[in-house]
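Work through these short exercises with the sequence and the model side by side. Try each task before reading its solution.

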Amino acid sequence: MLEFLQQAITGLMIGSLYSLVAAGIVLVYKSTHVVSLAHGQLVAFGALFFWFFFGSFGWPLWASLIPAFILTAAIGLLIERLALRPLIGQPLFAAFLMTFAVFITLEGIFVLYLKGETRALPAFLPEGNIALGGLSVPVNQMVSFLVAVLLFIALSLVFKFTKVGLGMRATAEDHRLAQGTGITVRKIFSYVWVLSGLVATVAGIAIAGVMDIYYMLPYIGINGLIVAICGGLDSLSGAFVVGLLLGVVENVGAGYLDPLVGGGVKDVVSYIVLLMVLLVRPYGLFGLTRIERI
Amino acid sequence: MLRLNNIEVIYSDVILVLKGVSLDVTEGAIVALLGGNGAGKSTTLKGISGLLHTELGEVTDGNIQFEGVRIERKSPEEIVRMGIVQIMEGRPLFEQLTVDENIKVGAYTRSDSGAIKADAESVYAYFPTLARMRNRISGYLSGGERQMLVMGRGLMARPKIMLLDEPSLGLSPALVKEIFRIIKLINDDRKTSMLLVEQNAFVALSISEYAYVMENGRIVLDGPSEKLRENEDIKEFYLGLSQVGKRKSYREVKHYKRRKRWLA
């Protein structure tokens, strides 16, 4: 039992990283109805920029955060300007494919720069473990878990209570109607991509705290996408809960099944979960139900 | 206040929809725009509100002036800011938002939060039905409630002129009466001009001061509404009355010989 709980709690901490990645995808979908495949790249670049200033130039922590956020947000804005703005008013599928093109391009740049090497960040979060009963939780994982919680609360508040948040939700439903109501859809798009760049940086830094930066890092975006889809794509709380859940399932599954099948369970489990969720609830566990008038 | 000078609209560079439409809406007036399906009424409204740009349509000739400023090249959101709000056909709502949020979105161009609150209350005063459903998800509203909500949302932008596209579509006669009563009320209270596109010529002519009749992308007839109500062609083709003023019997439809006088 104790072993199970330990596995679960470690899974919870890893899951919070998935939630952080999914947050950006949900953010973009919830405000523009574009499914962004490129988010994993933003996360990876966020981590890389942070490494430049913190790991390579040796700037203090707070001073490295600022340029990392600014640069990643700039990439977000650039994606919006160059790739997505020309597609406003066009079918959403075109925008979706465009994010795929962006995915490939950014991935190319990322690999071109990194080659096969890895970049490890020096530890920047407090070390040590917190003991909870018989369980132990590393402090650095605890910190990123708390960051995830705070970020989700902040994003939910923005969507629910601010004017821009309302404009974003309106834009997601109907670009044309939003324009007819006086919302400048282009502006909403830029806000959203800048915001998603910022959220990606948070995720990137949190992830770089527990694993090295290497060429596979952008693919965390796929896990994020799975979480976002299972959660319902437009539900922040869905992304949060499912992210944690997936972390737990992966970790517990790997812990118990890996010895039996010889490893690799972790990589498969998330897809099995996705498949099952989509079979039972095609619009995700927490998604808005489609309103059909009969 | 709003003046269209001989505008021509082309969709996708090839389809000529409006062939020189001119019309005039004076301050505080209700003006009706009548015509059959495909006459170009909605296109005219979209041309004014700028929504044409989102449908690959373009004003290729003539101009549209609002309070002396040319607006045919402006974006929809700029036009809303100037005080022109189109209430689109089919009553599109932000269905996942609540009634109250839909009302709030209507004031997106404004930033005077105190006045916005007061305006929301006055909208609920016009539409007491909506006041009872503030927190309901708007996608579940009925047709009449949707019409009230889109009009309420439009009012929140404090328009100087509202472009109403078929507000009576698919509503029961009692609801149509109610909606038009409120349109008239808003017009009286706030001096908001209205450009009203309607299939229901009877109601439209009874509420408006001036009316235009469109056919095939052209204005074929215009005049004060009470005059048009007496016009033989209008009676025949839009009000369903025969020359003697009685309802036409369907038995006689076969022997129908009368031609519209404007089709030379």
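The exercises below go from one whole chain to single residues and strands.

This is a predicted model, in which local features need pLDDT of at least 70, side-chain atom pairs count only at pLDDT 80 or more, and totals for chains, interfaces and linings use all residues. Residues are numbered from 1 along each chain as its sequence is written, while chains are lettered from A and ligands numbered from 1 in the order in which they are written.

**Exercise 1. Describe the overall build of chain A.**

Step 1. Count the elements. Chain A has 11 helices and 2 strands. Helices (H or I, at least four residues) and strands (E, at least two) are DSSP runs, numbered from the N terminus.

Step 2. Read them in order. From the N terminus the pattern is α-α-α-α-β-β-α-α-α-α-α-α-α.

Step 3. Check the compactness. The radius of gyration of chain A is 19 Å, close to the 19 Å that the globule rule gives for 294 residues, so chain A is as compact as a globular protein of that length. The radius is taken over C-alpha atoms, and the rule is 2.2 Å times the number of residues to the power 0.38.

Step 4. Look at the inside. Of the 294 residues in chain A, 45% count as buried. Buried means 20 or more other C-beta atoms within 10 Å of the residue's own; exposed means 12 or fewer, and partly exposed lies in between, with C-beta atoms placed from the backbone.

Step 5. Look at the contacts. Among contacts in chain A with a separation of 6 or more, 76% link residues 24 or more positions apart. A contact needs C-beta atoms, placed from the backbone, within 7 Å.

**Exercise 2. Find what covers helix H5 of chain A.**

Step 1. Locate the helix. H5(A) covers residues 139-161, which is 23 residues.

Step 2. Compare its span. H5(A) reaches 33 Å from its first C-alpha to its last, close to the 33 Å expected at 1.5 Å a residue. The expected span is 1.5 Å times one less than the number of residues.

Step 3. List its buried residues. They are Gln141(A), Ser144(A), Phe145(A), Ala148(A), Leu151(A), Phe152(A) and Leu155(A).

Step 4. Name the cover. It includes helix H1 (2-32), strand S2 (135-138), H8 and helix H10 (236-261) of chain A.

**Exercise 3. Trace the largest nonpolar core.**

Step 1. Give its extent. The core has 156 residues. Such a core is a set of buried Ala, Val, Leu, Ile, Met, Phe, Trp, Tyr and Cys residues joined through C-beta atoms within 7 Å.

Step 2. Find its main contributor. Helix H8 (residues 185-210) of chain A gives the largest share, 15 residues.

Step 3. Pick a well-connected member. Ala47(A) is one of those with the most contacts inside the core. Beyond its neighbours within four places in sequence, Ala47(A) touches Gly204(A), Ile205(A), Ile207(A), Ala208(A), Ile213(A) and Leu217(A).

**Exercise 4. Describe how chain A meets chain B.**

Step 1. Count both sides. Chain A gives 17 residues and chain B gives 24 residues.

Step 2. Find the elements. On the side of chain A, helix H6 (163-173) and helix H7 (175-180) each give two or more residues. H6(A) gives the largest share, 5 residues.

**Exercise 5. Place strand S3 of chain B.**

Step 1. Test its burial. 6 of the 6 residues of S3(B) (residues 30-35) are buried, so the strand is largely enclosed by the rest of the structure.

Step 2. Sort its side chains by direction. Ile30(B), Ala32(B) and Leu34(B) point one way, and Val31(B), Leu33(B) and Gly35(B) the other.

Step 3. Find its partners. S3(B) runs parallel to S8(B) (residues 193-198), joined by 5 bridges. In that pair, Leu33(B) is matched with Val197(B). S3(B) also runs parallel to S9(B) (residues 210-215), again with 5 bridges. Here Val31(B) is matched with Tyr210(B). Strands pair if DSSP finds at least two bridges between them.

**Exercise 6. Compare two residues of chain B with positive phi.**

Step 1. Take Glu67(B). Its phi is near 50°. Glu67(B) sits in the loop between strand S4 (57-66) and strand S5 (69-70). Glu67(B) has 14 C-beta neighbours inside 10 Å, so it counts as partly exposed.

Step 2. Take Arg91(B). Its phi is near 50°. Arg91(B) sits in the loop between strand S6 (84-87) and helix H3 (99-106). Arg91(B) is buried because 22 other C-beta atoms lie within 10 Å.

Key. Contact = placed C-beta atoms within 7 Å.
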